[in-house]
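Let's take a friendly walk through the empty spaces of a protein and see what surrounds them. Keep the structure open beside you as you read.

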Amino acid sequence: MFKRLAGVLVTGVLLGGVAQAEELSIVAGSIGKDIEELRLQLDAFEKASGHKVKIVTMPASATDQFGQYRLWLSAGNKDIDVYRTDVVWAPQLAASFVDLSDAMKDVVGQHSPSVIASQTVNGKLVAMPMFSDAPALYYRKDLLEKYGKPVPTTWTELAATAKEIQDAERAAGQPQLNGYVFQGAAYEGTTCAGLELIASNGGGDIVSPQGDITVNNPKAAEALSMAHGWVGTIAPKGVLGYQEEDARGVWQTGNAVFMRNWPYAYPLGNGADSPIKGKFEVAPLPAGAGGKSAACLGGWNLAVSKYSTHQQAAIELVRYLVSAEAQKQRALLNVRLPSIPALYQDPDIVAQQPLVARWKDVFENATPRPSAPTKTRYNEVSQQFWTTVNRTLAGQGDAASNLDALDKQLRRLKRNDW
Ligand code: GLC
């Protein structure tokens with residue numbers, strides 16, 4: 001219901017002259033420029049619609065956000081109208097959100113069908129995609145050149161190059177330099193990083209799309225043992241507590257050769273005040289013994305609370321924030337991967353943020369976390385998995401026995417069906 005009038009975005013409601021200004025609240029997490037970027041777009045929406053929108057800032061951790069959302073929604077909180085939701089949450093939070101099928105029927109076809117499917121639970125469109133996410137291997141071009149090394153395409157190669165450069169640079173007076181930083185804390189991000197290691201090693205995707213528990217296998221154990229070997233050698237012991245921003249902090253101060261992170265870290269690393277500006281590039285994550293690279297599918301969506309007393313205005317806000325125009329602006333500003341495939345050919349995006357077009361394949365072939373098959377159990381499954389990965393990285397038990405224990409826990413959770 002947005003129309004363009006003299007280059008200004010206005011709502012159909014406003015055109016009809018019956019607009020009533022409403023005060024909305026949106027909750028969103030706070031990684032990198034999340035909040036700044038959202039505010040910019042809310043300001044444009046306020047101007048066009050006459051509504052006011054307040055941001056309620058969430059902690060950076062997706063896991064902490066989820067816990068807070070669950071509390072608010074189970075209490076029927078009326079103060080929040082729009083929730084920014086992770087791609088894996090739809091089945092668990094579906095009952096608390098408005099069905100957007102009707103309100104979005106004219107625009108839903110613009111978006112990637114698989115992302116829409118991930119946000120659809122028993123026919124109900126629980127949330128609309130805002131942007132997608134698929135991680136990258138960040139590498140320091142200058143250091144690889146200095147040591148005459150190619151960009152690693154396997155984990156083994158990555159570990160060897162990381163070690164060689166780390167040792168040589170430390171000996172030459174850079175004691176802070178680390179070979180590799182990634183996410184290893186006990187939270188959702190480590191489910192992503194762990195899934196990538198296992199899937200790239202041919203060890204499957206934790207729970208198959210049919211709902212079978214597949215995680216207890218030798219290839220999965222091999223992948224996690226390998227990563228345990230990195231902790232305290234090429235990666236600081238601190239990775240056991242690292243989330244995205246911790247890894248980026250080390251990387252962006254110039255203290256890592258390689259980093260696993262999402263595309264948001266790209267424009268930040270090239271920011272005017274960044275010590276590594278112009279010195280790095282990204283590649284797909286390395287392959288394991290399975291011979292293929294695996295990238296976990298991430299991304300964020302917008303849902304309207306069933307308890308909102310401003311549902312119509314909240315839906316207008318969602319329509320604006322998921323629109324091609326808003327997605328394009330986010331891609332240009334912060335390399336947010338659009339959920340609208342046509343934008344990958346947009347001439348401005350191609351010219352100004354070539355990484356977006358380069359990442360189309362990675363995003364389209366990304367490995368989903370098992371949120372669809374485990375339904376309302378996903379967070380418990382993920383929690384068991386990230387705990388297993390975190391403990392294995394820390395050397396608390398070996399990978400094979402930890403995966404064996406995880407298998408038993410998941411079987412208990414599953415009982416007959418998820
Ligand atoms: C990113 C991804 C999200 C994922 C989170 C984990 O924000 O987009 O899907 O759950 O990282 O930390």
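Which element gives the largest share of the shell around the ligand? It is S13, with three residues. Before we look at that shell in detail, keep in mind that this is a predicted model.

Let's begin with where the ligand is. The ligand sits in the largest cavity. H8 and S13 are the elements that give two or more residues to the shell around the ligand. If you would like to find the members of this shell one by one, look for Asp86, Asp133, Tyr187, Glu188, Gly189, Glu244, Trp262, Gly298, Gly299, Trp300 and Arg369. Sorted by class, the shell holds five charged residues, three polar ones and three nonpolar ones.

Now zoom in on some individual contacts. In the side chain of Asp133, a polar atom lies 2.5 Å from an oxygen atom of the ligand. Trp300 has a side-chain N or O atom 3.0 Å from a ligand oxygen, and for Trp262 the corresponding distance is 3.2 Å. How much of the ligand does the protein bury? Taken alone, the ligand exposes 310 Å², and the protein buries 95% of that.

Next, step back to the cavity itself. The model has five cavities of 30 Å³ or more, and the largest has a volume of about 280 Å³. Its lining is made of 24 residues, and the closest to the centre are Ile31, Asp133, Glu244, Trp262 and Trp300. You have already met Asp133, Glu244, Trp262 and Trp300 in the shell around the ligand. Several elements each supply at least two residues of this lining: helix H3 (62–74), strand S5 (82–86), strand S8 (128–133), helix H8 (188–200) and strand S13 (298–304). By class, the lining of the largest cavity has nine nonpolar, eight charged and seven polar residues.

What lines the second largest cavity? Around it you will find Trp155, Tyr180, Phe182, Ala193, Glu196, Leu197, Trp230 and Arg260. This cavity holds about 60 Å³ of space. H8 provides the largest share of its lining, three residues. Six residues of this lining are nonpolar and two are charged, with no polar ones.

Finally, turn from the cavities to the largest pocket, which has a volume of about 640 Å³. Of the 27 residues that line this pocket, Ser118, Arg369, Ser371, Ala372 and Pro373 are the closest to its centre. Arg369 may look familiar, since this residue is also one of those around the ligand. Two or more lining residues come from each of helix H5 (113–118), strand S6 (120–121), helix H16 (360–364) and helix H17 (371–374). Among these, H5 gives the most, with four residues. The lining of the largest pocket has 15 nonpolar, eight polar and four charged residues.

To finish, go back to the ligand in the largest cavity and find Asp133 once more, with its polar side-chain atom 2.5 Å from a ligand oxygen. From there, look for the three residues that S13 gives to the shell.

Definitions and conventions
Residues are numbered from 1 along each chain as its sequence is written. This is a predicted model: local features need pLDDT of at least 70, side-chain atom pairs count only at pLDDT 80 or more; totals for chains, interfaces and linings use all residues. Side-chain values use heavy atoms; hydrogens and water are left out. On a 1 Å grid over the protein atoms alone, a cavity is a set of points where a 1.4 Å probe fits but cannot get out, and a pocket is an open set with protein on both sides within 12 Å along at least five of seven lines; lining residues have an atom within 4 Å of a point. Grid points are joined across faces, edges and corners, and a volume is the space filled by probe spheres set on the points. Ala, Val, Leu, Ile, Met, Phe, Trp, Tyr, Cys and Pro count as nonpolar, Asp, Glu, Lys and Arg as charged, and the others, Gly among them, as polar. A residue is near a molecule or strand if one of its heavy atoms lies within 4 Å of it. A polar contact is a pair of N or O atoms within 3.5 Å; within protein, one must be able to donate a hydrogen and the other to accept it, and residues adjacent in sequence count only if both atoms are side-chain atoms. Accessible areas come from the Shrake-Rupley method with a 1.4 Å probe; for residues, only the protein chains shown count as cover. A molecule sits in a cavity or pocket if more than half of its atoms lie within 2 Å of its grid points.
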